[in-house]
Amino acid sequence: MSDQKPDPSGPTPFSPKLLRKAASQHGSVRFLQHNIVASSPALDLESDMAGQPSKLPQDPEPAAPRGVADRPRHQLYNNPNLSHVTGGYSGVGGYSRSGDSGESSADESGDGSIDSASALDNHRMPPMSFMNARLASNQGYGSHSGGNKGGDSGAGTGGHHDQFHSGQGKSAMFSGISDERKQEESGKGDLADIASIMRGSMSTTGSMSARYPHARELSETLTSKLFEMRWCICAVLVNIILIFVILSVGSGITVPVTLNISSSIGCVVLELLLLMSNIVTLAAVDDGAAAYFGHKLASRRGFSLAVCGFVQASVLQKSTFASQLSLNSTCRKILARASGLWVLLHVILWLTPISATALHSYPVRRDHGVVGCLAYGQEGIPVDRQWPIAVVETGLAEALFGTALGDLRTEQNDQNTTVALIGPQHLGVVEDGDTLVGPGFALDISSTCVCATSADVTGLTDVGVPANLAQPLADAFNPLNNAVGMANAIVNDTDNLHAITLLSGTLVCGGKNQTRPFVPVCTTTFKNHTRATVLVSYMTDGTPASITPRSIHLRSLGAAVNLGTWAATALKNILDGEVSMLKLPNPNPGIINPLLWWMSPNMMAVDPSMIEAGLEAAFALLFRAGVQRTYSAKGMNCVRNIEVDSTSLLQLQTYGQNVAEFILGLQLCASIIGVLGFIPWFLEKNPIGPAVRLTKDAVYFTNMVHSSSVCQGSDQLCNAPGYALWDNLDTVVRVGEAVSTREDPLIGHVTMDRPKLVTAFTNGKRYF
């Protein structure tokens with residue numbers, strides 16, 4: 001190393017260019033951070049601790065800094081004045097310059113250096129200040145001598161021994177730097193700015209993280225607000241979708257499940273869907289109320305803190321909570337009215353079972369193959385095949401279901417007429433459950449009955465029997481001699497066909513005595529005789545003789561057919577004439593004739609309330625036999641219709657559909673109200689998230705109340721009832737940023753206080 005003093009006017013060893021070069025060579029950010037302070041003019045700690053003012057060689061009138069021992073810790077390790085005070089150079093050829101006196105001296109022995117660690121210890125400098133002072137000592141308060149060989153002795157007088165891996169490498173680098181000193185004055189300003197920015201940023205970030213570990217940035221965007229109202233959006237969509245589902249189920253929908261499963265769990269699924277929609281709607285209304293009242297709490301005038309208890313209360317407790325507030329409360333009226341919405345949403349839960357139980361399941365069928373059958377028509381003229389006869393039909397009634405005759409009034413509770421359906425007869429073998437689709441006929445049948453005082457001409461004409469038929473009917477009825485049977489007369493007019501029937505032996509009308517009872521006189525009307533396509537389902541035990549119709553259903557209606565000729569002839573043929581008598585003896589003691597079973601609830605006696613519907617069913621059976629005896633017939637292939645086991649049809653009855661639509665419509669309106677509660681939040685420019693959270697989160701509410709100064713006197717309410725607690729909390733407050741931290745651009749304090757002591761939040765700022 002050369003002992004020649006370097007030119008003071010040359011470039012500083014820590015110019016920006018050389019610092020960047022050295023940092024790139026060593027690959028260390030820590031190297032740059034340590035040497036920024038070293039390259040900046042440092043304080044003369046010896047003079048500073050002695051209370052002497054430090055002067056700059058370049059500035060004749062510097063400001064005198066305070067002593068090191070008198071400074072706070074954060075000013076020692078984050079002191080911007082370090083960028084404006086000159087230090088000394090060391091480590092190059094044993095040359096040293098004092099930053100305090102401005103004098104240069106050559107110290108060959110190195111004993112002229114100041115022990116900065118000792119000086120700092122005497123002044124009880126904090127640890128971080130000691131680190132900065134150590135850096136300053138390495139710059140200007142120790143001298144390198146020739147004996148030190150450029151500072152690789154490590155005795156505390158080598159300026160930058162702590163910065164490098166070895167003293168020999170350091171001396172070599174400093175020798176290289178000493179050859180490139182240029183433009184010292186321009187480099188000092190750049191380094192001062194870099195050092196100030198890095199020290200300020202690192203110090204501020206570390207200090208805030210240490211002092212406020214739970215501080216978070218408060219930032220509200222459109223996405224975050226939409227996320228907060230997710231339950232409102234979900235409730236609106238759920239209710240709209242369920243309304244369309246109910247409308248579809250009302251008209252019938254096919255589901256890919258078996259009939260047994262859909263029948264057993266269909267009602268349960270519908271009930272769960274309605275309950276789920278109610279739960280989601282309640283959550284949406286709660287969030288809407290929280291957003292609205294949170295905006296009121298964050299507004300300039302503030303709002304009552306009691307709204308937090310209202311939002312956090314359960315559905316049924318909201319009304320009680322509002323009624324227990326003081327009459328002087330500013331929010332009692334609005335909360336009492338709003339609580340009605342929650343009560344209404346809870347009450348409609350009781351209506352959901354009505355809709356659920358109205359869901360019915362039906363089998364789904366499809367056409368598959370053909371079966372030989374015999375179809376009836378009206379081609380040519382009516383004939384009389386002499387078979388079947390009425391007596392046979394009375395016995396057939398014992399083994400025939402009412403559903404096999406059509407849509408009977410006896411089988412339905414919501415209709416006033418019977419629709420008789422006549423379908424084709426099968427010729428081939430069918431299996432149990434098979435259905436044939438073929439041509440047939442439909443006929444409307446309706447009956448009315450009155451009681452005649454006697455079965456003579458006078459008594460019959462008094463109840464409306466035509467005069468020309470009164471005597472023939474009386475003659476046909478009297479031979480029955482009160483035995484069970486009926487006398488019939490067929491009346492054919494222009495548009496309709498009528499059958500007048502006198503019932504004997506039923507005793508449904510009473511009378512003067514048993515020998516002269518009153519006679520029930522019934523008029524049965526046949527009309528709307530049309531072609532139809534029908535589905536006839538069969539049941540069997542596997543043998544051809546056991547095949548019998550189980551049910552018949554209408555698929556479609558066709559054109560009207562002749563009633564006055566073909567239908568009248570069929571009835572006259574099966575009843576043995578225009579006026580006839582038919583005995584109906586009891587097949588077993590105590591049991592009435594099977595033809596009258598549709599008139600009886602117990603097959604033992606005719607019920608007056610069932611006589612009209614029962615007579616319609618009896619004539620449907622007789623007319624079916626008359627068609628088979630009179631109408632033209634031809635063989636054909638009927639389509640075989642089978643039941644699809646893997647699917648079923650779900651259909652909601654009308655009353656259930658109406659109730660479900662009322663429930664969902666009301667819930668949709670409540671969901672929209674919840675959405676409207678978010679509108680003030682969307683229009684607000686400043687964030688109000690903490691205020692909204694205050695209304696919903698009970699734990700957060702407790703913490704805010706504990707840290708607030710407006711809710712005094714709580715220590716006197718430790719054993720008070722709930723309404724007394726809320727009376728104490730029923731005070732107007734504002735949630736926002738404390739006035740004391742308003743000017744701080746980096747961090748703020750969330751507070752709940754009187755509106756005059758609180759300001760609005762700032763978007764993007766950190767809060768604790």
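Asn528 counts as partly exposed, because its relative accessibility is 48% and the partly exposed class lies between under 20%, which is buried, and over 50%, which is exposed. In this predicted model, Asn528 belongs to strand S13, which covers residues 519-539, and its phi angle is positive, at about 55 degrees, although Asn528 is not a glycine. Asp576 also has a positive phi without being a glycine, here of about 65 degrees, and it is found in the loop between helix H19 (566-575) and strand S15 (579-583). With a relative accessible area of 60%, Asp576 is exposed.

Another backbone feature is found at Trp387 and Pro388, which are joined by a cis peptide bond with omega at about 0 degrees. Pro388 is placed in the loop that runs between strand S6 (359-377) and helix H16 (390-396).

**Salt bridges**

Side chains of opposite charge can pair when their charged atoms come close. How many salt bridges does a search of the whole structure find? The search gives 13, and the table sets out some of them.

| Salt bridge | N to O distance | Separation along the chain |
|---|---|---|
| Asp287 and Lys696 | 4.0 Å | 409 residues |
| Glu643 and Arg365 | 3.6 Å | 278 residues |
| Asp434 and Arg640 | 2.6 Å | 206 residues |

The side chains of Asp287 and Lys696 meet in a salt bridge, and this pair links distant parts of the chain, with Asp287 in helix H11 (residues 259-298) and Lys696 in helix H23 (residues 689-696). Asp287 is buried, at a relative accessible area of 10%, whereas Lys696 is partly exposed, at 35%.

A salt bridge also forms between Glu643 and Arg365; Glu643 lies in strand S16 (residues 632-652) and Arg365 in strand S6, so this pair ties together parts that are 278 residues apart in sequence. Glu643 is partly exposed, with a relative accessible area of 34%, and Arg365 is partly exposed as well, with 27%.

Strand S16 also holds Arg640, whose partner Asp434 sits in the loop between strand S9 (425-426) and strand S10 (435-452). Asp434 is buried, with a relative accessible area of 7%, while Arg640 is partly exposed, with 23%. Elsewhere, salt bridges that share partners join Glu228, Asp287 and Lys696 into one network.

**Helix H10 and the nonpolar patch**

On the surface, Leu222, Leu226, Ile233, Leu237, Ile241 and Val245 form a nonpolar patch, and together they have about 520 Å² of accessible area. Helix H9 (222-228) and helix H10 (230-251) are the elements that give two or more residues to this patch. Which element gives the most to the nonpolar patch? It is H10, with four residues. Ile241 has its place in helix H10, and Ile241 is exposed, because its relative accessible area is 52%.

Two packed helices are described by the angle between their axes and the distance between the axes. Helix H10 packs with helix H21 (residues 654-676) at an angle of about 160 degrees, and their axes are 9 Å apart. H10 and H21 are therefore roughly antiparallel to each other, since angles over 145 degrees count as roughly antiparallel. The crossing of H10 and H21 is left-handed.

**A contact across the sequence**

Tyr767 is found in strand S21 (residues 765-767). Is Tyr767 buried or exposed? Tyr767 counts as buried, at 5% relative accessibility. The C-alpha atoms of Tyr767 and His214 are separated by 8.6 Å, although these residues are 553 residues apart along the chain.

Conventions
Residues are numbered from 1 along each chain as its sequence is written. This is a predicted model: local features need pLDDT of at least 70, side-chain atom pairs count only at pLDDT 80 or more; totals for chains, interfaces and linings use all residues. Side-chain values use heavy atoms; hydrogens and water are left out. Patches are made of residues with over 30% relative accessible area and no salt bridge: like charges are joined within 9 Å, nonpolar side chains (Val, Leu, Ile, Met, Phe, Trp, Tyr) within 5 Å. Accessible areas come from the Shrake-Rupley method with a 1.4 Å probe; for residues, only the protein chains shown count as cover. Buried means under 20% relative accessible area, exposed over 50%, partly exposed in between (1.4 Å probe, protein chains only). Axes are lines fitted to C-alpha atoms, for helices over the stretch in contact, and angles run from 0 to 180 degrees between N-to-C directions. Angles under 35 degrees count as roughly parallel, over 145 as roughly antiparallel, 65 to 115 as roughly perpendicular and the rest as oblique. A crossing is left-handed if the near helix is turned anticlockwise from the far one by less than a right angle, and right-handed if clockwise.
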